[in-house]
Amino acid sequence: MASTVVVQHQTQPSFSTLTSSLSDFNGTRIHSQIQQYRRKVLQPKVGLQITASSEKNILIMGGTRFIGVFLSRLLVKEGHQVTLFTRGKAPIAQQLPGESDQEFAEFSSKILHLKGDRKDYDFVKSSLSAKGFDVVYDINGREADEVEPILDALPNLEQFIYCSSAGVYLKSDLLPHCETDTVDPKSRHKGKLNTESVLESKGVNWTSLRPVYIYGPLNYNPVEEWFFHRLKAGRPIPIPGSGIQVTQLGHVKDLARAFVQVLGNEKASRQVFNISGEKYVTFDGLARACAKAAGFPEPELVHYNPKEFDFGKKKAFPFRDQHFFASVEKAKHVLGWKPEFDLVEGLADSYNLDFGRGTYRKEADFSTDDMILGKKLVLQA
Amino acid sequence: MASTVVVQHQTQPSFSTLTSSLSDFNGTRIHSQIQYRRKVLQPKVGLQITASSEKNILIMGGTRFIGVFLSRLLVKEGHQVTLFTRGKAPIAQQLPGESDQEFAEFSSKILHLKGDRKDYDFVKSSLSAKGFDVVYDINGREADEVEPILDALPNLEQFIYCSSAGVYLKSDLLPHCETDTVDPKSRHKGKLNTESVLESKGVNWTSLRPVYIYGPLNYNPVEEWFFHRLKAGRPIPIPGSGIQVTQLGHVKDLARAFVQVLGNEKASRQVFNISGEKYVTFDGLARACAKAAGFPEPELVHYNPKEFDFGKKKAFPFRDQHFFASVEKAKHVLGWKPEFDLVEGLADSYNLDFGRGTYRKEADFSTDDMILGKKLVLQA
């Protein structure tokens, strides 16, 4: 039977990033009618608990698109002075869905901007040393050379906090990935790995967080959006292979909280932490979770062999076709961090604040779906 | 390229269950050239448990697999240990690698209570006559089996139960955690019912939920199934994609967990998943068995189990689904941690059991031949 969930939009819900935005959902708590999505621990959703930190002068490299949007708000609310280093392509501050006018006004009045090209060594070095920041969050760095001018500019930097990726781990028969696992010097994310090595070699107090797949409102990587487009269109969901590949999603707000929890935290000094959701999910299970979260009926899943197709440059599916998941136990033990969102709650948060309001980043493109579905029809004919 | 590991048998290796038997392997440490790098380099220390006063302990079962290792640990700790068994198997059998002296010491101390645990009256009267402090129920399957034990021992300090992660309801979301929904209709519902009875009776109980257990003397053909095929140079038939994720836990790590909950307040009325820290795919497990036992990388043959009727025979030793559980609660709350990683553990099993020519079930390749035969026909 189809499992449907009715999610009602509150009129002008208030949006606060410090307290969990699940407070938006008090009237719309999703009650699972099936067993597998039961909440692990019934605990009140409390606001962020971090050790009192003196006010710091913080620079965020990036900060206008996704992670930084939430992180910057948390830091500003904590009383820190926050500057975003961006090219200026996007507005420095945009009102979030659900964010009250007052909250947004307060944030945008406080957030500062440093406009420039981070690939320009000289500019980065001179502008940063002129301002003298206490802490740098590097949210959008990709290559090791990008951190050099930052470190050169700020010899007294208290902490360099880096957004790395669990994509650095070498593929293995043995999972989950743990922070001490072998990394892959040839992976697509080797720039992140090289950056971590440079940080370690420079003697700066660094911390690196390795997310898996990040999701949540404003996601510019079409992860949940990819499923939502198809669910909304009433289309089957084409899934490569068996559909039992195990993956893992982490909510952007939980990641932002982790970034705040490592700030000024001695236990995070020169440490890497995997940050993601606590439960892993199969591709098939994720399709079902998206449907459940967004109030769609259980979707039709169509499996196909990706080797039988040439999709050209297009991606037929948003996830790497393999198991990919990491243990977050180190962050839980060492930092006392814990994801607040479970998968269905988190997908509902994303849907209610973004796709469900008619906003998304990429237009629907069903061309690869049609190739797959077309072939299936031919075979069945 | 085939990854081969040479594992050399030491002459008369000493076998001690208290210290990790990895001490046997000092000369044969397997160095992984692929990704099986050990997580943390720490010395293999002996079991660290809080000093426990000597207890009068009863083990239901104890002559076949888990109890064999557990009873030795408890006797070494100075407890008085009795095994309740039907007497079909000898109460004590010398383990591969166990020295004559160690075995003599153990067998001189272990006690036997012979009877049928399904006989309520006998269990109740014999147990109340002896008055045990702690009961380990290693072989219980149904809830009614614990009733006479609890009725016989009103002052029981602790009832420690070997349950199973098989109680968890199958889910899209994994790993299984102790608070996850359980399946009242599973094949293991007797274990679940037993846990419920324990909770309802008010006794101080602890329940451990292993996943797949492996190690020397395993009577469930888990690793043995792979070893038979590797030894015969046969391909390994694996159902479906081969990427189903499962999890194995070494029997010695499980035995240590059983000891670590003894007299432990933090374990009172708690369940703990106990297994290895890393999960593995079916394909990966085949490779790990080969690596551990020094065989070349095996040929894996995948098949659709729905295309075959194997009758009553099992064509593969694992349930055809993802099945793995988080052991983080045991790690946090008990400070327990598995000592064996998968390849080391499989090597321990191979070196002390199959590799010496011992196993529980004869090789039976009939289902393999059905699968391989069909593949040949399709390719012809």
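This passage describes selected features of a predicted model with chains A and B, from annotated spans to individual residues and charged pairs.

In chain A, the UniProt record (an unreviewed entry) lists residues 58-275 under "domain: NAD-dependent epimerase/dehydratase". Helix accounts for 32% of this span and strand for 22%, and the C-alpha atoms at its two ends are 22 Å apart. For chain B, the annotation "domain: NAD-dependent epimerase/dehydratase", again from an unreviewed UniProt entry, covers residues 57-274. The span in chain B is 32% helix and 22% strand, with 22 Å between its end C-alpha atoms.

Two helices of chain A were examined for burial. Helix 1, residues 67-77, has 10 of its 11 residues buried and is therefore largely enclosed by the rest of the structure. The buried residues of helix 1 include I67(A), V69(A), F70(A), L71(A) and L74(A), and R73(A) is also among them. Just after helix 1, G79(A) adopts a positive phi of about 95°. In helix 7, residues 252-261, 10 of the 10 residues are buried, so this helix too is largely enclosed by the rest of the structure. Charged residues of helix 7 that are buried include K253(A), D254(A) and R257(A), and L255(A), F259(A) and V260(A) are also among its buried residues.

Several loops contain notable backbone geometry. In chain A, the peptide bond joining L175(A) to P176(A) is cis, with omega near 0°. P176(A) belongs to the loop between strand 6 and helix 5 of chain A. In chain B, a cis peptide bond runs from L174(B) to P175(B), with omega near 5°. P175(B) is placed in the loop between strand 6 (173-174) and helix 5 (189-201) of chain B.

Positive phi values also occur at residues other than glycine. L218(A) has a phi near 80° and sits in the loop between strand 8 (213-215) and helix 6 (224-232) of chain A. With a relative accessible area of 19%, L218(A) is classed as buried, because the cut-off for this class is under 20%. R269(B), also not a glycine, takes a positive phi of about 60°. This arginine, R269(B), is part of the loop between helix 7 (251-260) and strand 12 (270-274) of chain B, and its relative accessibility of 44% makes R269(B) partly exposed.

A further loop position in chain B is V222(B), between strand 8 (212-214) and helix 6 (223-231). V222(B) is buried, at 0% relative accessible area. Its C-alpha atom is 7.7 Å from that of F318(B), although the two residues are 96 residues apart along the chain.

Over all chains, the structure holds 46 salt bridges. In one of them, the side chains of D173(A) and R287(B) meet at 2.9 Å, N to O. This pair crosses between chains: D173(A) is in the loop between strand 5 (159-163) and strand 6 of chain A, while R287(B) is in helix 8 (residues 282-293) of chain B. D173(A) is buried, with 15% relative accessible area, whereas R287(B) is partly exposed at 26%.

Within chain A, R361(A) and D354(A) form a salt bridge through their side chains (2.8 Å, N to O). R361(A) is partly exposed, at 33% relative accessible area, and D354(A) is buried, at 5%. In chain B, a salt bridge joins the side chains of E145(B) and K118(B) (2.9 Å, N to O). E145(B) lies in the loop between strand 4 (134-137) and helix 4 (147-152), and K118(B) in the loop between strand 3 (111-114) and helix 3 (120-130), so the pair ties together parts that are 27 residues apart in sequence. E145(B) is buried, with a relative accessible area of 6%, while K118(B) is exposed, at 56%. Chain A also contains a network of salt bridges that links R118(A), K119(A), D138(A) and E146(A).

Unpaired charge is represented by a positive surface patch made up of R65(A), R87(A), K89(A), R142(A), R188(A), K315(A) and K362(A). Of these, R188(A) is located in the loop between strand 6 (174-175) and helix 5 (190-202) of chain A. Its relative accessibility is 72%, and R188(A) therefore counts as exposed.

Note on methods. Residues are numbered from 1 along each chain as its sequence is written. Chains are lettered from A and ligands numbered from 1 in the order in which they are written. This is a predicted model: local features need pLDDT of at least 70, side-chain atom pairs count only at pLDDT 80 or more; totals for chains, interfaces and linings use all residues. Side-chain values use heavy atoms; hydrogens and water are left out. Patches are made of residues with over 30% relative accessible area and no salt bridge: like charges are joined within 9 Å, nonpolar side chains (Val, Leu, Ile, Met, Phe, Trp, Tyr) within 5 Å. Accessible areas come from the Shrake-Rupley method with a 1.4 Å probe; for residues, only the protein chains shown count as cover. A salt bridge is a side-chain nitrogen of Lys or Arg within 4 Å of a carboxyl oxygen of Asp or Glu. Lys and Arg count as positive and Asp and Glu as negative; His and the chain ends are not counted. The place of a charge is taken as NZ of Lys, CZ of Arg, CG of Asp or CD of Glu. Helices (H or I, at least four residues) and strands (E, at least two) are DSSP runs, numbered from the N terminus. Buried means under 20% relative accessible area, exposed over 50%, partly exposed in between (1.4 Å probe, protein chains only). UniProt positions are given in the numbering used here, feature names are shortened, and annotations may be inferred rather than shown by experiment.
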